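Visitor: Please take one part of this structure and go through it closely with me, namely the pairing of its strands. I would like the terms set out with their cut-offs as they come up.

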Amino acid sequence: HWSTDHCQILLKVNSVGQVAIVYEPEDYAYLHPHIRDDNRNFFKVYWRGDYPKNDNDVTTGNNCGGGICEALVTGGCLCDTVISETLVFSRMPENKEEVLANLNIGAYDPSAFDEGTYTEQEANGVKAYFTSFGIFDRDTVFEVTDEFGRIQRFKNTKENVRIKGAPEYSFRNAPSFMSLLNTEASVRDAEYETEAALDHYLHHDNTAPFVAIRLIQRFTTSNPSPRYVKEVATAFRNGKYGQFGTGAYGDLAATIASVLLEPEARSVTLDADPFRGGLREPILRVMAVLRSMEVEKSEGYPVLRLEGMSDKIGQMAHSFPTVFSFFLPEYRPDGRPGEATLVGPETMIMDMPKMVGMLNGLFSLVKYGLSSCDGGFGAGRGCTEGDFSSAAGQLTLFMPYTEVSDDDQAEAAVNKLSTLLTSGRLSDSNKEIIKKAYKEMLPDVDAALRMAQQLLLTSPEFHSTNIVKMSGESRAEPELPQPSGSPYKAIVYVMFGGGCDSYNMLVPHTCTGIKDMYAEYQQVREEIALPKSSLLEIDASTSNQICDSFGLHPKLKAVQGMYNDGDLLFFTNTGVLTKETDKENWRRDTVTQLFAHNWMQREAERVDPLKEADGTGILGRIADALNKKGRSVGTFSIERNTISLIGTPGLTSTPFILSRSGVSKFNNRASSESMEANIAAINNATAPESGVFGDYWSETLVKSLSHNKLLYNTLSGKQTVTTFPTSYLGSQLAMVAKMIDSRAERGSDADMFFLSTGGWDTHSDVLDNMDRLFTDVDNSFKAFADEMKAKGVWDSVTVIETSDFARTLAPNTGRGSDHAWGGNYMMFGGGVKGGQIVGTYPDNLTDDGPRSLGRGRMIPTTSWDAVFLPLAEWAGATPDDLPNVCPNKDNFPASHFIDATALFEI
């Protein structure tokens with residue numbers, strides 16, 4: 001870093017070997033916080049062996065490198081540095097791989113210099129450019145073409161950062177495009193560094209197979225073989241597949257050609273494999289109908305618009321709900337696919353409301369055109385079957401009545417529909433059902449076609465890519481639950497999706513101990529700290545915490561009220577743990593992929609880090625325990641699928657997913673009275689050799705339609721006495737309230753509910769975002785509590801709130817906070833012993849604290865296991881159930897857990 005001033009670059013080394021830069025040029029008026037002596041921006045480096053350790057930080061310290069470095073009172077070591085530059089090759093490398101493995105510093109193109117500056121020699125696939133011919137020195141430049149076809153040029157040197165006075169402590173000098181001085185930083189350098197990072201990701205070894213799996217899942221099969229993935233990844237790398245592609249790395253023409261033309265994609269033999277294929281994406285099913293049935297727009301409509309598709313079917317082009325798209329590629333459903341350990345991404349959004357929404361929308365399209373009638377996908381108003389005058393568009397496929405027998409007419413019509421909608425895969429038995437229904441509508445050939453279209457659109461062959469073989473047996477009707485007579489209990493699990501900044505939910509306020517924790521909070525949080533005067537103070541004098549009182553976010557007034565009333569508690573510094581751990585050992589002790597939304601959220605829903613009960617979730621295993629005792633347990637998710645509700649197959653029923661807006665009636669104004677029976681017959685039991693994804697569609701459909709009828713009839717008469725917010729969270733809680741009110745009609749004496757609300761990934765403007773989010777949370781939680789009290793079930797309901805993780809205490813440059821670990825969460829209900837803070841709030845929020853991993857990422861002291869075990873006991877689980885409820889229980893000492901009687905009125 002060039003400067004006319006004398007300067008010094010120091011390193012702060014923390015307890016885990018991460019380093020932060022301290023830059024001290026002379027006579028510099030202002031230094032950015034990222035290079036000051038209080039810099040907390042630590043990053044990972046790769047030490048060649050040991051590193052300086054402060055004896056106060058770790059039990060295996062080395063006195064900061066034997067006293068070479070300064071032991072900081074705030075923790076860590078401050079070390080002076082020197083940069084050593086060494087020659088790498090004194091000979092011609094044996095091959096290009098040796099160059100790529102040993103050289104890291106780029107060089108300018110020698111041809112850019114004056115003629116005669118460099119002389120060239122080539123051998124072993126390597127070009128060497130010398131300033132003195134044949135002499136390998138630090139000015140020598142090596143040029144190779146890497147496996148991706150990129151020309152790479154390197155200086156014949158290696159730079160190491162060494163601790164001054166202790167050269168045994170060293171690491172390779174990390175690349176940086178930006179000047180450390182803020183006045184010298186430029187947009188150009190930032191763009192170059194960003195481009196370099198993106199180029200690195202693009203050419204990472206994992207990119208080609210990652211892209212291959214995603215594209216194969218979208219185009220052909222959910223569970224490709226390793227050979228198939230390898231061939232597609234190879235086409236991506238080589239940029240060539242047969243005659244397709246330019247030969248450039250990442251050529252998508254070659255990649256897509258390999259996806260579609262590989263033998264595994266086209267084999268008729270493999271099509272018969274019951275474990276091949278998958279479910280079609282919801283929006284592609286709708287597109288298939290519009291195209292194959294020849295949709296045409298009506299006069300006055302310049303374009304065809306599909307309305308409300310995300311709510312109705314769970315998917316719409318360019319409208320994915322999160323950065324993870326509509327579903328996770330590794331999602332494993334229950335049923336036959338799950339039993340075969342197969343993934344089925346599309347099943348993640350295949351729930352009762354969306355299955356009913358899909359079929360209602362398709363039926364409406366067939367009967368009324370593109371209309372809003374009976375759950376249609378359009379905006380038109382006409383609701384007379386066969387009258388398309390008010391529709392925005394209509395399906396125009398026409399099959400005129402010919403002078404043939406009714407059997408021949410039906411045969412021709414159903415065969416054509418089978419070809420267009422299922423690629424000819426419609427089973428013989430389903431053809432017969434549809435042909436019979438077709439003939440019953442004759443001689444009205446238009447009505448007959450509409451009937452055949454509707455019935456075929458309910459078939460497993462349309463919704464999956466499987467070959468379906470019927471067993472000849474009826475699919476068993478889902479059994480309706482019968483209550484056991486036990487006192488009713490309901491657990492309502494609320495997930496704040498995205499990572500709640502919970503250290504602005506629960507803030508140190510008044511601390512009479514050895515230090516002012518609020519001042520430390522304010523120092524660490526900087527511009528995203530909440531003013532002390534704005535906090536809602538709560539008493540914690542009986543909670544054995546570092547502070548006598550804490551402050552709640554100013555928007556959580558109702559939460560404060562429930563806490564003061566003794567109905568709400570907080571559990572602090574909580575998160576996923578494999579076992580109790582510390583700053584020295586957390587990497588070794590933790591199996592979970594930390595700081596990633598999908599993995600951390602999944603672990604909060606599973607509470608099974610070692611996968612002892614793989615494929616199940618925490619609420620599902622609590623339901624298992626209650627079902628074993630003869631309880632009638634309902635499991636419901638609002639709006640989306642979740643693993644948290646999955647229990648042991650055969651013990652706990654498959655959870656149902658409800659819409660927050662209520663339950664839509666299936667097939668209103670049916671075209672014929674026999675439709676219900678025909679739909680059931682088309683989705684009858686399948687043979688063992690039948691495709692598992694087709695079977696999953698039929699099994700889930702039959703169960704969904706049965707429960708849709710029950711819930712529609714039950715909920716249509718239920719009203720809340722409290723006005724709920726119309727927000728996403730508020731409407732979900734309103735639906736939960738109605739479901740609890742319907743417990744008698746459903747025959748349920750215990751319910752597990754899961755709901756989630758997003759927007760918590762506050763990488764920017766965290767203060768404004770948290771004001772908005774917590775306002776909604778407070779209003780929604782208050783409405784739910786008021787409703788439960790009004791309906792007389794307050795003592796029977798417990799709400800538990802979690803999130804993926806907390807966020808960094810230290811802010812980022814966008815006035816936001818980033819992914820962290822342990823956080824603060826709440827639980828409330830009439831049976832909760834509230835007015836207390838459970839767990840251990842960190843007593844040092846700085847990076848030198850014993851629980852901090854840097855930037856205020858706190859190692860949890862309380863595990864999810866310690867929170868959910870007493871909740872399970874409140875719901876009715878007994879001690880012998882607990883090892884199954886939390887399979888990781890024995891990884892913790894007995895002192896880690898909290899007695900249920902300390903948290904609940906039991």
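Guide: Two strands are taken to pair if DSSP finds at least two bridges between them. The strands themselves (E, at least two residues) are DSSP runs, as are the helices (H or I, at least four residues), and both are numbered from the N terminus. The model is a predicted one, in which local features need pLDDT of at least 70 and side-chain atom pairs count only at pLDDT 80 or more, whereas totals for chains, interfaces and linings use all residues. Residues are numbered from 1 along each chain as its sequence is written, and side-chain values use heavy atoms, with hydrogens and water left out.

With that settled, the part to look at is an open sheet made of four strands, which lie in the order β5-β6-β7-β8 and pair in the antiparallel sense. Its edges are formed by β5, residues 119–123, and β8, residues 151–155, each of which has a pairing on one side only. From one strand to the next the twist averages 20°, where axes are lines fitted to C-alpha atoms (for helices, over the stretch in contact) and angles run from 0 to 180 degrees between N-to-C directions. As a general matter, the strands of a sheet pair through backbone hydrogen bonds, either parallel or antiparallel.

Starting from the edge at β5, we find five bridges that hold β5 and β6 in an antiparallel pairing, and within it the bridge partner of Gln121 is Ala128 in β6. These two strands make a hairpin with two residues between them, and in that turn Asn124 has a positive phi of about 60°. Strand β6 itself, which covers residues 126–130, is mostly covered, since four of its five residues are buried; buried here means under 20% relative accessible area, exposed means over 50%, and partly exposed lies in between (1.4 Å probe, protein chains only).

On the next step across the sheet, β6 and β7 are antiparallel and share three bridges, and here Tyr129 has Val141 in β7 as its bridge partner. Val141 then leads on to the other edge, for its bridge partner in β8 is Lys155. Strand β7, residues 141–145, is joined to β8 by five bridges, and the two strands run antiparallel.

Following the chain past the edge strand β8, which ends at residue 155, we come to strand β9, residues 157–163, which pairs antiparallel with strand β4, residues 77–87, over seven bridges. In that pairing, Glu85 has Glu159 in β9 as its bridge partner. Strand β9 also pairs with strand β10, residues 166–172, again in the antiparallel sense, through four bridges, and Arg162 stands opposite Ser170 in β10. The strands β9 and β10 form a hairpin with two residues between them, in which Gly165 takes a positive phi near 90°.

Two hairpins can therefore be set side by side under the definition of strands as DSSP runs: that of β5 and β6, with Asn124 at a positive phi of about 60°, and that of β9 and β10, with Gly165 at a positive phi near 90°.
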